[in-house]
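Here are some short questions about labels used for one protein model. Each reply sets a value against its cut-off.

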Amino acid sequence: PEHIGELAKYLKSVIEFGCTINYAVQDDPGGIPDAISAVESSDDEDVAVILGDNIFLGGELKSKIPFVTLGAHIFVTHHEDSKDFGVVRFDEDGEVEKIVEKPKDTLPKDVVVTGLYIFSKEVWMDALEVSVSDRGETEIADLLNLYIAEKKLSCSLFDGHWQDAGTHEGLRKAAELCRKY
C-alpha cells in the first residue's frame with residue numbers, strides 16, 4: 001500500500017494508450033478473489049486479471065485471449081517446481097478436473113496456473129462466493145474450482161516464457177530470462 005502513488009502514476013500513463021484499468025489497494029492480503037471484489041466495475045465487459053509479479057515473454061498470448069461469455073479462461077504452463085503454484089489436475093478426457101493450490105504432492109512438469117485470468121463480467125459477484133481459507137485468504141483456486149464445477153472454465157497452454165517473480169529467486173530468474181530474450 002505504501003507504494004500505490006508510484007503505481008498510480010504508471011497506470012495513468014498506460015490509460016493514455018486506451019486501456020481502462022481499475023484497481024484497489026488491499027490493506028491486508030485477502031487473496032485474489034478479495035482483490036477482484038474490491039475493484040468491482042460497472043463495465044459490461046470481460047475482465048483481465050494479471051498478477052503483477054508475473055513475467056510473460058514471447059508466445060502468442062494476444063491471439064489466445066478469448067471472449068468469455070460465462071465463467072473464466074486461464075493460461076497454464078508446465079513447471080518443474082509446482083509446489084508454490086496452483087496446479088491443474090486433468091481428468092482422463094483431458095478436461096480440467098480441479099485446481100489444487102500449492103499442493104504437497106507434485107509431479108515433474110506439472111501444469112500450473114500462470115497468473116493471467118480472463119473472467120466474464122459476473123466475476124464481481126462470483127468472487128464474493130469464495131470463503132476464506134485456512135491461510136486466512138480467499139484463494140483463486142477456489143474461485144476457479146467454482147467455475148470448473150459449473151463447466152465454465154477453459155484453459156490455454158501458454159507457449160512462451162513465463163516466470164513468477166514474487167520471490168528473490170524468482171526475480172533473479174526473471175532478470176536472467178529478460179536478459180536472454
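Q: Why is Lys102 called partly exposed?
A: In this predicted model, Lys102 has a relative accessibility of 33%. Buried means under 20%, and exposed means over 50%. The value for Lys102 lies in between, so Lys102 counts as partly exposed.

Q: Where does Lys102 lie, and what is its phi?
A: Lys102 is in the loop between β5 and β6 (110-119). Its phi is near 45°, a positive value in a residue other than glycine.

Q: What makes Lys151 exposed or buried?
A: Its relative accessible area is 75%. Exposed begins over 50%, so Lys151 is exposed. Lys151 sits in the loop between α5 (140-149) and β7 (153-157). Lys151 also has a positive phi, about 55°, although it is not a glycine.

Q: Why is Cys155 called partly exposed?
A: Cys155 has a relative accessible area of 28%. Partly exposed falls between the 20% and 50% cut-offs, so the label fits Cys155.

Q: Why does Cys178 count as partly exposed?
A: Its relative accessibility is 41%. That value also falls between 20% and 50%, so Cys178 counts as partly exposed.

Q: How many disulfides does the structure hold?
A: Zero. A disulfide would need a pair of cysteine sulfur atoms within 2.5 Å.

Q: Which residues gather in a patch of negative charge on the surface?
A: They are Glu92, Asp93, Glu95 and Glu97. Asp and Glu count as negative, so the patch is called negative. One of its members, Glu95, is in the loop between β4 (86-90) and β5 (96-101).

Key:
Residues are numbered from 1 along each chain as its sequence is written. This is a predicted model: local features need pLDDT of at least 70, side-chain atom pairs count only at pLDDT 80 or more; totals for chains, interfaces and linings use all residues. Side-chain values use heavy atoms; hydrogens and water are left out. Patches are made of residues with over 30% relative accessible area and no salt bridge: like charges are joined within 9 Å, nonpolar side chains (Val, Leu, Ile, Met, Phe, Trp, Tyr) within 5 Å. Accessible areas come from the Shrake-Rupley method with a 1.4 Å probe; for residues, only the protein chains shown count as cover. A salt bridge is a side-chain nitrogen of Lys or Arg within 4 Å of a carboxyl oxygen of Asp or Glu. The place of a charge is taken as NZ of Lys, CZ of Arg, CG of Asp or CD of Glu. Helices (H or I, at least four residues) and strands (E, at least two) are DSSP runs, numbered from the N terminus. Buried means under 20% relative accessible area, exposed over 50%, partly exposed in between (1.4 Å probe, protein chains only).
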